[in-house]
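Here is a walk through one protein model and its ligand site. Keep the structure open while reading.

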Amino acid sequence: MRLLAVDHPLVAHKLTVLRNAKTDSPTFRRLADELVTLLAYEATRDARVDEVEVETPVAPARGAKLSAPKPLVVPILRAGLGMLDGMARLLPTAEIGFVGMIRDDETLQATTYARRLPDDLTGRQCYVLDPMLATGGTLAAAVQFLADRGADHITAVCLLVAPEGLELLKQRTTELQIPVTVVTAAVDERLNEKGYIVPGLGDAGDRLYGVVD
Ligand code: URA
């Protein structure tokens, strides 16, 4: 598994505002969107392209076009939805799949309540959007769904990651023998007893969309 913690002043600035407990939901949504676009730029460095010819107003030129099959972007509901526009903006030809997962507050186990993915992902580049890689259970399950369908490379885009989640993901992806790249704005210190990332930014879903329960 490859880890890329993006070291860029704009990423650091936006992440700091997201961490601030005083940042309101509209600002949080806008900044999460902007931050994902910056992370997406790094996450798509290996996006496959074909060489093409294009006519400029002056002369023919060589260029690049995103290859077929189209990349697949998979936000993990609910909080991953807040990352979708920022990612799709850079990958407009991508198709979108959905995985809905919820974490039990007591056991910290993730259960799947929705899944809408193409049956065959052979040869597709897949990008999973999960803002908080905490215990790693949710992301590991999503990676398994994609690997079961034949995905040959998966990039996870996360706003923040915890070392515990990275360790679990590394174990699972080694077992699955699938190359996974994690792109994030920062690797935080640890998880607390409730499974929250420390210092983190709180519950990403609540901060994006409000408290539902
Ligand atoms: N999910 C969140 O939204 N925040 C955390 O800190 C951990 C999991």
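**The pocket and its ligand**

By class, the residues lining the largest pocket divide into 16 nonpolar, seven polar and seven charged. The model is a predicted one, and the values below are computed from it. The space in the largest pocket amounts to about 850 Å³. Its lining consists of 30 residues, and those closest to the pocket centre are M101, I102, R103, D203 and G205.

Which secondary structure elements each supply at least two residues of this lining? Three are strands, namely β4 (72-77), β6 (98-103) and β9 (132-133), and two are helices, α4 (137-148) and α6 (204-209).

The ligand sits in this largest pocket. Around the ligand are R103, M132, A134, G195, Y196, I197, G202, D203 and A204. Two of these, R103 and D203, are also listed among the lining residues closest to the pocket centre. By class, the shell around the ligand holds five nonpolar residues, two polar ones and two charged ones.

Where does the protein backbone approach polar atoms of the ligand? At I197, a backbone N or O atom lies 2.8 Å from a ligand oxygen. At G202, a backbone N or O atom is 2.8 Å from a nitrogen atom of the ligand. At A204, a polar backbone atom lies 2.7 Å from an oxygen atom of the ligand. The ligand taken alone exposes 240 Å², of which the protein buries 88%.

The loop between β13 (197-198) and α6 contains P199. The peptide bond leading from V198 to P199 is cis, and its omega is near 0 degrees. Along the chain, this bond falls between two residues already met in the ligand shell, I197 and G202.

A second cis peptide bond is found elsewhere in the chain, joining A68 and P69 with omega of about -5 degrees. P69 belongs to the loop between β3 (60-66) and β4. The strand β4 that follows this loop is one of the elements that supply at least two residues to the pocket lining.

One further backbone feature concerns Q177. What is the sign of phi at this residue, which is not a glycine? Phi of Q177 is positive, near 55 degrees. Q177 lies in the loop between α5 (163-176) and β11 (180-187).

Terms used. Residues numbered from 1 in each chain as written. Predicted model: local features only at pLDDT ≥ 70, side-chain atom pairs only at ≥ 80, totals over all residues. Heavy atoms only, no water. Near = heavy atom within 4 Å. Polar contact = N/O pair within 3.5 Å; in protein donor to acceptor, adjacent residues only side chain to side chain. Areas by Shrake-Rupley, 256 points an atom, 1.4 Å probe, with all protein chains shown as cover. 1 Å grid on protein atoms, 1.4 Å probe; cavity = no way out; pocket = protein on both sides within 12 Å on 5 of 7 lines; lining within 4 Å. Sits in = over half its atoms within 2 Å of the grid points. Nonpolar A, V, L, I, M, F, W, Y, C, P; charged D, E, K, R; others polar. Points joined across faces, edges and corners; volume = space filled by probe spheres on them. Helix = DSSP H or I, 4+ residues; strand = E, 2+ residues; numbered from the N terminus.
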